[in-house]
Amino acid sequence: AVSDRALSRLIMNKLTGRVAEEYGVSLDETKIKQATDVLISQYSSRETLEEEMQAGFGWSLDTYINRIMIPSLLQQKLLDKFETEDATIGELHVKEQIQGRHILFKVEKESDRKKVKTAAQKVLRRVKAGEDFAQLAKEFGSDDTKDKGGDLGWFGHDVMIPEFEKAIFDLKEGELRSELAETPVGYHIVQLDKKRKVIDYGAFIKDRLSKSKIEIYGKIHDP
């Protein structure tokens, strides 16, 4: 129900504020203004946005900023802090992340699978021989990572398709997979660059919520 979602939002806003204070996370006015300017830019004028807010929520723009925008920005800043710091809260709230790269040889038609695999194996031999991974990714890759040298950035478990996840998480730091990784998409040359453990913000906040004492006060209609 809408009322349940609103109540959940209010509870999370309060919890987010307390966690942010505990971990020294705050927003400066510049960040809030930038987000507000982006929001306003999606409408013909600030006045139009104000009218939309009033019609949709019964709120002024300032109320929306305080109740929705600022808590969302604060939550994202907390998430960024947790994702980039060493895991220090305890094993319950720790997750493993890796930074890896790949060169994807996409299989468009099943009849082409053997030909695509042969082409991928040739490039894999070139990587093993010492040729630059990033340059080969740019030349042969068939997804949008090719322009970044095949870089996939940091990611954790349950993000990539299972076959790819197993192929890359089994590697050690700096290790190139000796064989191609086969997935429903095609064939991948896979390398793991770095590993790290970070705080799992989702698990942390869920644990905090379960341990919180929540009291709700509201007017009751007298029948």
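**Entry 1: the cores**

I began with the nonpolar interior and found that the largest core has 14 residues. Within this core I listed the residues with the most contacts: Ile 103, Phe 105, Val 123, Leu 180, Tyr 187 and Ile 189. I then looked up which elements give two or more residues to it, and these are β1, α5 (113–128), α6 (133–140) and β4. The most comes from α5, which gives five residues. I note here that the model is a predicted one.

I took Phe 105 as an example and looked up its neighbours, leaving out residues up to four places away in sequence. Phe 105 touches Val 116, Ala 119, Ala 120 and Val 123, and also Phe 140 and Ser 142. Its list is completed by Gly 186, Tyr 187 and Ile 189.

I also found a second core, separate from this one, with twelve residues. Among them are Ile 40, Leu 61, Ile 68 and Leu 73.

**Entry 2: the fold as a whole**

I counted the elements next: the protein has eight helices and four strands. Read from the N terminus, they follow the order α-α-α-α-β-α-α-β-α-β-β-α. I compared the radius of gyration, 24 Å, with the 17 Å that the globule rule gives for 223 residues; the value is well over the rule, so the protein is more spread out than a compact globule. The C-alpha trace spans about 75 × 45 × 40 Å along its principal axes.

I looked up burial and found that 35% of the 223 residues are buried. For contacts between residues at least 6 apart in sequence, I noted that 69% join residues at least 24 apart.

**Entry 3: salt bridges**

I searched the whole structure for salt bridges and obtained eight. One of them joins the side chains of Arg 101 and Asp 193, with N to O at 3.0 Å. Arg 101 belongs to strand β1 (residues 94–106) and Asp 193 to strand β4 (residues 186–199), so this pair ties together parts that are 92 residues apart in sequence. I checked the exposure of both partners. Arg 101 has 18% relative accessibility and therefore counts as buried. Asp 193 is buried as well, because its relative accessible area is 19%, and the cut-off for burial is under 20%.

I then examined the salt bridge between Arg 113 and Glu 110, whose closest N and O atoms are 2.8 Å apart. Arg 113 is buried, with a relative accessible area of 15%, whereas Glu 110 counts as exposed at 57% relative accessibility.

A further salt bridge links Glu 131 to Arg 126, with the closest N and O atoms 3.0 Å apart. I recorded Glu 131 as partly exposed at 37% relative accessibility, and Arg 126 as partly exposed with a relative accessible area of 30%. Elsewhere, salt bridges that share partners join Arg 46, Glu 50 and Asp 62 into one network.

**Entry 4: the surface**

I turned last to the outside, where the protein exposes about 14,500 Å². Carbon and sulfur atoms supply 50% of that area. I located a nonpolar surface patch of about 430 Å², made by Leu 7, Leu 10, Leu 209, Ile 214 and Ile 216. For Ile 216 I looked up the position and found it in the segment after α8 (201–211). Ile 216 counts as exposed because its relative accessibility is 57%, and the cut-off for exposed is over 50%.

Key: Residues numbered from 1 in each chain as written. Predicted model: local features only at pLDDT ≥ 70, side-chain atom pairs only at ≥ 80, totals over all residues. Heavy atoms only, no water. Patch = residues over 30% accessible without salt bridge, like charges linked within 9 Å, V, L, I, M, F, W, Y side chains within 5 Å. Areas by Shrake-Rupley, 256 points an atom, 1.4 Å probe, with all protein chains shown as cover. Salt bridge = Lys/Arg side-chain N within 4 Å of Asp/Glu carboxyl O. Buried < 20%, exposed > 50% of the residue type's maximum accessible area, 1.4 Å probe, protein only. Rg over C-alpha atoms; globule rule 2.2 N^0.38 Å. Contact = heavy atoms within 4.5 Å. Core = buried A, V, L, I, M, F, W, Y, C linked by side-chain atoms within 4.5 Å.
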